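This report describes the fold, surface and selected side-chain contacts of one protein chain. The sequence and coordinates are shown first, and the discussion follows.

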Amino acid sequence: GFGDGYEIGSNESFSIIDLAEMIGAKYELGSFKRGNRIYSSMNITKMKNLGWEPKYYLKDYIDNKIIK
């Protein structure tokens with residue numbers, strides 16, 4: 001897209017496989033399809049410059065809030 005570049009998140013990157021393994025889900029890999037997004041990242045520098053910091057990190061949130 002063509003947004004203003006203010007991204008809210010963390011600088012951590014995870015694959016769908018990483019997420020499935022964090023929550024203990026079984027998964028099956030399908031075949032590659034044209035147009036699949038292989039990788040994506042966020043740059044939260046603009047938000048940090050405004051004083052914003054992430055409160056939670058995905059692995060900690062899953063461990064402490066979801067899988068207790």
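## Elements and overall form

Helices and strands are taken here as DSSP runs, a helix (H or I) having at least four residues and a strand (E) at least two, with numbering from the N terminus. On that basis the elements of the protein chain follow the order α-α-α from the N terminus on, which corresponds to three helices and zero strands. The model is a predicted one.

The radius of gyration of the protein chain is 15 Å, whereas a compact globule of 68 residues would have a value near 11 Å. The C-alpha trace spans about 40 × 40 × 10 Å along its principal axes. Of the contacts between residues at least 6 apart in sequence, 82% join residues at least 24 apart.

## Accessible surface and burial

The protein chain has an accessible surface of about 6300 Å². Carbon and sulfur atoms account for 52% of that surface. Among the 68 residues of the protein chain, 12% count as buried.

## The nonpolar surface patch

Which residues form the nonpolar patch on the surface? The patch consists of Phe14, Leu19, Ile23, Tyr56, Leu58, Tyr61, Ile66 and Ile67, and together these residues have about 710 Å² of accessible area. Two elements each give two or more residues to the patch, namely helix 1 (16–23) and helix 3 (58–66). Helix 3 makes the greatest contribution, with three residues.

Phe14, one of the patch residues, lies in the segment before helix 1. Phe14 is classed as partly exposed because its relative accessibility is 36%, a value that falls between the limits of 20% for buried and 50% for exposed.

## Ile62 in helix 3

Ile62 is located in helix 3. Is Ile62 buried or partly exposed? With a relative accessibility of 2%, Ile62 counts as buried, since the limit for that class is under 20%.

Outside its neighbours within four places in sequence, Ile62 is in contact with Leu19, Met22, Ile23 and Ile67. Of these partners, Leu19, Ile23 and Ile67 also belong to the nonpolar patch. For the pair Ile62 and Ile23, a separation of 39 residues in sequence is accompanied by a C-alpha to C-alpha distance of 7.2 Å.

## The segment before helix 1

Ser10 is found in the segment before helix 1, and so is Glu12. Ser10 has a relative accessible area of 14% and is therefore buried. Glu12, at 33% relative accessibility, counts as partly exposed. A distance of 3.2 Å separates the side chain of Ser10 from the backbone nitrogen of Glu12.

Sequence neighbours within four places being left aside, Ser10 is in contact with Met42, Ile44, Pro54 and Tyr57. Under the same exclusion, Glu12 is in contact with Tyr57 and Leu58. Tyr57 thus appears among the partners of Ser10 and among those of Glu12. The C-alpha atoms of Glu12 and Ser41 are 8.1 Å apart, although their positions lie 29 residues apart along the chain as a sequence separation.

## Salt bridges

How many salt bridges does the structure hold? The structure holds two salt bridges. Side chains of opposite charge can pair when their charged atoms come close.

One salt bridge joins the side chains of Glu53 and Lys48, with an N to O distance of 3.9 Å; the cut-off for a salt bridge is 4 Å. Glu53 is partly exposed at a relative accessible area of 45%, and Lys48 is partly exposed at 34%.

Another salt bridge is formed by Asp63 and Lys59, whose closest N and O atoms are 3.1 Å apart. These two residues are separated by about one helical turn, because Asp63 and Lys59 are four residues apart in helix 3. Asp63 is partly exposed, with a relative accessible area of 33%, and Lys59 is partly exposed at 38% relative accessibility.

Key
Residues numbered from 1 in each chain as written. Predicted model: local features only at pLDDT ≥ 70, side-chain atom pairs only at ≥ 80, totals over all residues. Heavy atoms only, no water. Patch = residues over 30% accessible without salt bridge, like charges linked within 9 Å, V, L, I, M, F, W, Y side chains within 5 Å. Areas by Shrake-Rupley, 256 points an atom, 1.4 Å probe, with all protein chains shown as cover. Buried < 20%, exposed > 50% of the residue type's maximum accessible area, 1.4 Å probe, protein only. Polar contact = N/O pair within 3.5 Å; in protein donor to acceptor, adjacent residues only side chain to side chain. Contact = heavy atoms within 4.5 Å. Rg over C-alpha atoms; globule rule 2.2 N^0.38 Å.
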